[in-house]
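These entries record what I looked up in one model, item by item. I begin at a point late in the chain and then work through backbone, rings, contacts and pockets.

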Amino acid sequence: MSSDATPGETLTADVLATLPFGKRVQRARERTGRTRAYVADVMGHSVEWVKAIETGRIGMPALPKLLRLAQVLGVDDITELTGDDRIAAASYTKQEHKALPVMKAALTRYQITPIDTPPEPVAVLNARLRSAWRLWHAAGENRSQIVALLPALLADCQHAARTLDGTDRRRALVALAETYHLAQLFLAFQPVPSLVTLTGDRAMTAAQEADSPRAIATAVWYLGHIHRDAGDAVEARVEAAEQAVSLLPADDDPGHIARRGLLHLAAALSYAKTGQAGDAKRYWDKADKASKQLGDYTHPWLIFGKGIVQGYAITMHNHLVQPVAALEAASTLDLASIPSATRRSYHLIETARAHNLLGEGAAALGYLTKAYQESPETVQYNLHTRAVLPGLAKTGPRMIREDAAALARELSIPV
C-alpha cells in the first residue's frame with residue numbers, strides 16, 4: 001500500500017510511519033469530519049493555506065501554530081502529526097535577543113515618585129527619535145543599535161508626557177507613541193508576546209490622549225501586525241483602519257497620504273491572511289493609488305512609498321498562497337527605491353518564501369542570503385528563515401546544502 005493512500009483508509013504501521021506531515025494533517029482532519037473551511041476559519045487562515053499544508057506546498061508551521069493546529073484537529077499526541085520528524089526548538093520558536101532583558105526592564109519599570117529634573121524639550125525628544133529611526137532602518141544590527149537608545153528615550157518621553165501641559169504635552173505623547181512603535185519593532189519575533197501587545201496598546205493610548213489623527217493612524221498600522229499574527233477577526237482590524245482613515249484630513253499633505261496608504265495596506269494584508277483575495281486586492285489598489293499620489297516621496301520613518309506597496313504585494317500573495325503572483329510582484333520591485341535595509345531584507349525574505357512555496361530551494365536560499373547581507377538581524381529573527389533553513393541544509397538540492405548549513409550556523413539555527 002502506498003503512502004499516498006486515501007487518508008481515511010487503514011494503513012500499516014510501516015506505511016503510516018512514512019507519511020509526510022501534510023498527509024498526517026489531512027488524515028487527522030478527515031477522521032474527525034472537519035472541513036478545510038472549518039480548519040481555515042479557526043486557524044485564521046485561508047482554505048488555500050490548509051490545502052497547501054496538506055499537499056506539502058507549505059511545510060510544518062512554527063511550534064505555537066503547530067500546537068494550535070493539533071488542538072483544532074482534535075489531536076492529543078502531537079507526534080501523530082509530526083511522526084518521527086525532529087522538531088528543533090531553535091528552528092520553530094523565537095530566538096531571544098541578548099538585550100531582551102534590557103527592553104523588558106524598560107517596559108516594566110514604573111516611575112511612581114515625582115522627578116525633580118525638568119523634562120527635555122519635545123524638540124530634543126523628536127531629534128532623538130529621528131536618530132533612533134535612522135538606526136532602525138540602517139544596514140547592520142538594527143535591534144542591537146536601537147536598544148542602546150530606547151530605555152532612556154522611553155523614560156524621558158514618559159516624564160515629559162506626565163509633566164508638560166497643553167500642546168507640549170500632546171506633542172510629548174505623540175513622541176511617546178513613536179517610542180513604543182520602535183519598542184514593538186525590537187520585540188517582533190521575540191518570545192514575549194505579552195510585551196508586544198503591551199507596546200501596541202500603550203502606543204494607541206498615548207496617541208488617543210494626544211488627540212492626534214496622525215499618531216492614531218500610525219498606532220492602528222502597528223496594532224494591525226499584532227492582531228494579524230494573533231489571528232484576531234479581520235472585520236475588527238479593517239474597521240479600525242477605516243476609522244483611522246476617516247480621522248485624517250482629506251488633503252495632499254504627504255504625512256496624511258502616507259498614513260492613509262499604510263492603513264489601506266493593513267486592510268489588504270488582513271484580508272489576504274484569511275484568504276479573501278478580492279477584498280485584499282481592492283485595498284491594495286487603494287494603497288497603490290496613495291503611493292502614486294506621493295510620486296518619488298517616501299515617508300522618512302514609516303517608509304511608505306511606491307517601493308513598499310510593491311513589496312507588500314509579495315506578502316499579500318504569499319498569504320493567499322499565490323507564489324507565482326508573488327514572484328511576478330517581486331520581479332517589478334525596485335529595492336533601491338526603499339530607503340530601509342530592514343524593509344529591503346523583509347521583502348527579500350518574502351521573495352524567498354514564494355520560491356520555497358514552489359519548491360525552488362536554490363532560489364529561496366539565494367534570496368535569504370541577499371536578505372542577510374542587507375540586514376543580518378532581520379533574517380536572524382525571522383520565523384520563516386528559521387523554519388526553512390534546516391530543511392534546505394538537509395534535503396534541499398545537493399548543490400546548496402553546504403551553503404544553507406553555513407547560513408544556518410551563522411544564524412545559530414541547528415540543522
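**Entry 1: S412.** I looked up S412 and placed it in the segment after α24 (398-410). The model is a predicted one. For S412 I noted a phi near 60°, which is a positive value in a residue other than glycine. I then asked whether S412 counts as buried, partly exposed or exposed. Its relative accessibility is 45%, so I entered S412 as partly exposed.

**Entry 2: I303.** I turned to I303, which is not a glycine and yet has a positive phi of about 60°. I located I303 in the loop between α17 (277-293) and α18. Its relative accessible area is 1%, and I therefore listed I303 as buried, whereas S412 had been entered as partly exposed.

**Entry 3: G56.** I checked G56 next and found it in the loop that runs between α4 (47-55) and α5 (63-72). Because its relative accessible area is 53% and exposed means over 50%, I recorded G56 as exposed. I also looked up its distance to G22: the two are 34 residues apart in sequence, and their C-alpha atoms are 5.4 Å apart in space.

**Entry 4: aromatic pairs.** How many aromatic pairs does a search of the whole structure find? I obtained four. One that I examined is formed by W221 and Y312, with 5.9 Å from centre to centre and 85° between the planes, an edge-to-face arrangement. W221 belongs to helix α14 (residues 213-230) and Y312 to helix α18 (residues 306-319), so this pair ties together parts that are 91 residues apart in sequence. I noted both W221 and Y312 as buried.

I then followed Y312 to a second partner, Y346. Their ring centres are 5.9 Å apart and their planes stand at 50°, so I classed the pair as tilted. This pair, too, links distant parts of the chain, with Y312 in helix α18 and Y346 in helix α20 (residues 341-357), 34 residues apart. I compared the accessibility of the two tyrosines: Y312, at 6%, counts as buried, while Y346, at 21%, counts as partly exposed. The cut-off for buried is under 20%, and therefore Y346 falls outside that class. I closed the entry by recording that ring pairs link W221, Y312 and Y346 into a cluster.

**Entry 5: a charge over a ring.** I looked up K286 and Y283. The charged end of K286 sits over the ring of Y283, at 4.7 Å from the ring centre.

**Entry 6: E374.** I found E374 in helix α21 (residues 361-374). Its relative accessible area is 17%, and I therefore recorded this glutamate as buried. What does E374 touch, residues up to four places away in sequence not being counted? I listed A139, G140, A341, R344, S345 and L348.

**Entry 7: the second largest pocket.** I read off a volume of about 210 Å³ for the second largest pocket. Which residues line the second largest pocket? I listed Q158, A161, R162, R169, L173, L176, Y180, R202, T205, A206 and E209. The elements that give two or more residues to this lining are α11 (150-163), α12 (166-187) and α13 (193-210). By class, I entered five nonpolar, two polar and four charged residues for the lining.

Terms used: Residues numbered from 1 in each chain as written. Predicted model: local features only at pLDDT ≥ 70, side-chain atom pairs only at ≥ 80, totals over all residues. Heavy atoms only, no water. 1 Å grid on protein atoms, 1.4 Å probe; cavity = no way out; pocket = protein on both sides within 12 Å on 5 of 7 lines; lining within 4 Å. Points joined across faces, edges and corners; volume = space filled by probe spheres on them. Helix = DSSP H or I, 4+ residues; strand = E, 2+ residues; numbered from the N terminus. Nonpolar A, V, L, I, M, F, W, Y, C, P; charged D, E, K, R; others polar. Phe/Tyr/Trp six-rings, centres within 6.5 Å; stacked < 30°, edge-to-face > 60°. Buried < 20%, exposed > 50% of the residue type's maximum accessible area, 1.4 Å probe, protein only. Lys NZ or Arg CZ within 6 Å of the ring centre and 35° of its normal. Contact = heavy atoms within 4.5 Å.
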